[in-house]
Amino acid sequence: MNKPRLQAVILMLVVAGLRTQAQNTELDRIFQDQDLESLIDQALQLNITAKVLPPGETPVWNSAGSKVTLPGRSVAVRLVGDKLHIDVVFTPYQDANGELLLVAQGQVWMAGAQETRYFTTFKSVPVNAGEKVLFFPLGLSPHVAQGDTFTLQIEVEIYPYRKLLEKQKASAAE
Amino acid sequence: MSRSGLRCPSGDTLSAFVDGEVQAPWDQVLASHLQACPACLATVARIRRLRELLAADPLPSPELRPLPEGRERIRPVAVWKRRIALPVPAAAAAALAILALGVALALMAGRTRLPWMSIRHGPTGTTEVIVAAPIDDLEQLFRTLDQPPQTSGLLIRLPAGSRLLMMGEPQLVREADFSRGRR
Amino acid sequence: MLHAGSAHVYETLYPILFRIAYRICGNRNKAEDICQEAFIKYFERGEPLPDLEQTKYWLIRVLRNLALNHEKKKSRESKAYQRLARNSRQYTESGETEVLQEETRSLVQQALDRLPYKLRSVLVLKEYADLGYREISRILGISEGNVKVRVFRARERLALLLEDEL
C-alpha cells in the first residue's frame with residue numbers, strides 16, 4: 001500500500017547519510033526508531049540501466065542510476081534524444097511473501113519528418129529480488145541483424161534495501 | 001441593539017444566514033435586521049469576504065494516476081505466475097493524456113482545429129497515436145504539455161545522432177526468459 | 001470489483017475528493033494517497049452505489065476517516081522526522097541532492113492547518129465540497145446544530161488568522 005512521500009524522502013536522506021562513515025553512530029541512534037525501521041524493511045532499491053544495443057548486441061552506450069523507493073511508490077525515468085522523448089514510470093509492488101511485481105508505464109514521443117507519433121504502454125511482470133528485468137520501450141525487431149537499427153533497452157534490478165544496507169555495514173566493518 | 005430595537009442575532013446564526021441555511025420566514029426577519037444594523041451587516045460582509053478568500057485560493061493540481069485496481073489485484077499470490085493484463089480503467093487515464101496531447105500538438109502545428117490524428121488501441125495495453133503534423137522541437141512541445149521536471153526521477157540523455165525507431169510492441173520481460181527465447 | 005462505470009466515477013469524483021482531502025490534510029502527497037485509498041475501498045465494496053451523489057457522500061465519509069487517522073499519525077511521525085531533520089543538514093553535501101522540501105502552502109492553507117481538526121473538517125466540507133448543513137451532518141454523524149456552530153467557530157478563528165488578507 002502506498003506510504004507517505006515524507007517517509008520516502010526521509011529514506012533518501014538516510015541513503016545520503018550512509019555515504020559519510022563518520023556519522024554512523026548518529027545513524028544508529030536514528031535507526032532505533034521503530035517507524036524508520038519498518039520503512040527500511042520495506043524499502044526497495046531499483047538499479048536502472050539504459051542501453052543502446054546495435055545489431056551485434058555489445059552495447060555502444062549505457063547510462064545507469066539507482067533509486068530507493070517503497071512498494072507502490074514509482075520511480076520515473078526520462079530518456080531524451082534528438083527526436084525522441086521517453087518517459088517510463090516503474091512501480092514495484094510486493095506481497096506478504098516477498099514476491100515482487102514490476103509495473104512499467106511508458107510514454108514515447110517520436111518526431112518524424114512528416115508526422116509525430118505518440119505511444120503509451122502499460123506492462124507488468126512478476127519478478128524475484130535481484131533478478132534483472134528488461135524493458136524495451138521501442139519494442140524489438142525480429143530483423144535486428146539488418147541495417148543500423150539499434151535497440152533501446154532498459155534494465156531494472158530490484159533489491160531489498162535492507163540487504164544492501166547490511167552488506168555495506170559488513171564491508172565497512174572490515 | 002439595532003435601531004429598530006430588535007436584539008442582534010448570534011454569530012452562528014449570521015454565519016448560517018450567509019450559508020443560506022436560515023429557513024423562511026426567519027431569513028426575511030434577518031434580512032430586514034441587517035438593513036437596520038450596521039454591526040451585523042459588517043459581520044456578514046466579513047464572513048462573505050472570508051468565503052471568497054477561501055474559494056479563490058488555488059489548489060495544487062492533482063495528477064490523475066492510473067486507476068487503483070484494489071488491493072487484491074495488486075497483491076495477489078496465485079495470479080502472479082502469469083502476466084497481468086491491464087483492464088479498461090488505465091486506458092481511460094491514457095485517453096485523457098492522448099486528448100491533452102492532441103490539443104497541444106494542434107497548437108504547436110499552428111492549427112486551430114485538431115489535426116488529423118489516428119489512435120489505435122493495441123490488445124496488450126499499448127496505445128498508438130499518429131498525428132500528421134511535423135514538430136521541430138520536441139522540447140517545446142513538452143513545455144506546452146507542462147511536463148513536471150521529474151526531479152525525483154532519473155534523467156538519461158540518449159547518445160546524439162542515434163537512430164532509434166519504433167520497432168514493435170514494447171516489451172517487459174525477465175532477462176532469464178528473454179535469453180532463453182533468443183537462443 | 002471494477003466495472004464499466006468505474007473509470008467515469010473515478011474521473012468525475014477524483015478532483016472533488018482531492019480538493020477536500022488537500023484542504024483537510026494540507027499536504028498534496030498525503031491528499032493523493034488518501035484519495036487513492038478511498039477509491040480502492042469503494043471499488044472493493046462490491047456493489048456500486050446507485051448514483052454519483054451517493055457515491056460522493058460515501059467517498060467523503062471514508063476520506064474523512066482516513067484524514068482523521070492521518071491527523072493522529074502526524075504527531076507520531078513528526079517526532080521521528082524532527083530528530084532526523086536535526087541530523088540531516090550535515091548529509092546534504094554528501095552527493096545525494098535530494099533534500100526534504102517543505103511544500104509551499106498558501107496562507108489560506110496554513111491558516112486552515114492551524115484549525116483544530118474538528119473545526120477544519122466541517123469547514124472544508126462546507127467551503128470546498130459545496131455541501132449543505134444537513135448533508136454534512138449526515139456524513140459526519142453529528143447534529144445540524146453542531147455543524148452550524150463548528151462552521152461559525154472555524155470562521156471566527158480563520159478570520160483572526162487571516163486578518164491581514166480580509
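Let me start with burial: a residue is buried if 20 or more other C-beta atoms lie within 10 Å of its own, exposed if 12 or fewer, and partly exposed in between, with the C-beta atoms placed from the backbone. Take Asp130(C) as a case: with 12 other C-beta atoms within 10 Å, that residue counts as exposed.

Now the housekeeping. This is a predicted model, so local features need pLDDT of at least 70 and side-chain atom pairs count only at pLDDT 80 or more, while totals for chains, interfaces and linings use all residues. Residues are numbered from 1 along each chain as its sequence is written, and chains are lettered from A and ligands numbered from 1 in the order in which they are written.

On to confidence. pLDDT is the predictor's confidence in each residue, from 0 to 100. Chain A has a mean of 70, with 66% of its residues at 70 or more. In that chain, helix 1 (residues 5-18) is the low point, with a mean of 38, and strand 7 (residues 132-136) is the high point, at 93. Residues 1-33 of chain A sit below 50, and yet that stretch has 58 contacts in the model beyond near neighbours in sequence. A contact here means C-beta atoms, placed from the backbone, within 7 Å. Where pLDDT is low, the predicted coordinates should not be read in detail.

When I say helix or strand, I mean DSSP runs numbered from the N terminus: helices are H or I with at least four residues, strands are E with at least two.

Let's look at the strands of chain A. Strands count as paired if DSSP finds at least two bridges between them. Strand 3 of chain A runs antiparallel to strand 4 of chain A, with six bridges between them, and a hairpin of three residues links the two. One partner pair there is Leu79(A) with Ile86(A). Strand 4 of chain A then has eleven bridges to strand 5 (residues 100-111) of chain A, again antiparallel, including Pro92(A) with Leu102(A). So how buried is strand 4 (residues 84-94) of chain A? Nine of its eleven residues are buried, so the strand is largely enclosed by the rest of the structure.

Strand 3 (residues 75-80) of chain A also reaches across to another chain: four bridges join it to strand 3 of chain B, and the two run parallel. Val77(A) has Leu154(B) as its bridge partner. Which way does Leu154(B) point? Along strand 3 (residues 154-157) of chain B the side chains alternate, with Leu154(B) and Ile156(B) buried on one face, and Leu155(B) and Arg157(B) on the other face and not buried.

Staying with chain B: we have seven helices and four strands, in the order α-α-α-α-α-β-β-α-β-β-α. Of its 183 residues, 21% are buried. There's also an oddity, a cis peptide bond between Ala24(B) and Pro25(B), with omega about 0 degrees. Pro25(B) is in the loop between helix 1 (11-18) and helix 2 (26-36) of chain B. Most residues other than glycine have a negative phi, and most peptide bonds are trans.

Chain C has seven helices and zero strands, and 39% of its 166 residues are buried. Among its contacts between residues at least 6 apart in sequence, 68% join residues at least 24 apart. Back to Asp130(C), which has a positive phi of about 55 degrees despite not being a glycine. You'll find Asp130(C) in the loop between helix 5 (117-127) and helix 6 (133-140) of chain C.

Which residues of helix 6 of chain C are buried? Those are Tyr133(C), Ile136(C) and Ile139(C). They cover an arc of only 130 degrees around the axis, taken from the directions from the helix axis to the C-beta atoms, which puts them on the same side of helix 6 of chain C. After that helix comes Gly141(C), with a positive phi near 70 degrees. Next, Ser143(C) is in the loop between helix 6 and helix 7 (144-161) of chain C, and is exposed, with 11 other C-beta atoms within 10 Å.

Last stop, where B meets C. The axes of helix 1 of chain B and helix 7 of chain C come within 9 Å and cross at roughly 95 degrees; axes are lines fitted to C-alpha atoms, for helices over the stretch in contact, and angles run from 0 to 180 degrees between N-to-C directions. That makes the two helices roughly perpendicular, a label for 65 to 115 degrees, with under 35 roughly parallel, over 145 roughly antiparallel and the rest oblique. Among the residues making the contact are Gly11(B) and Ser15(B) on one helix, and Val149(C) and Phe152(C) on the other.

How values were computed:
Two residues are in contact if their C-beta atoms, placed from the backbone, lie within 7 Å.
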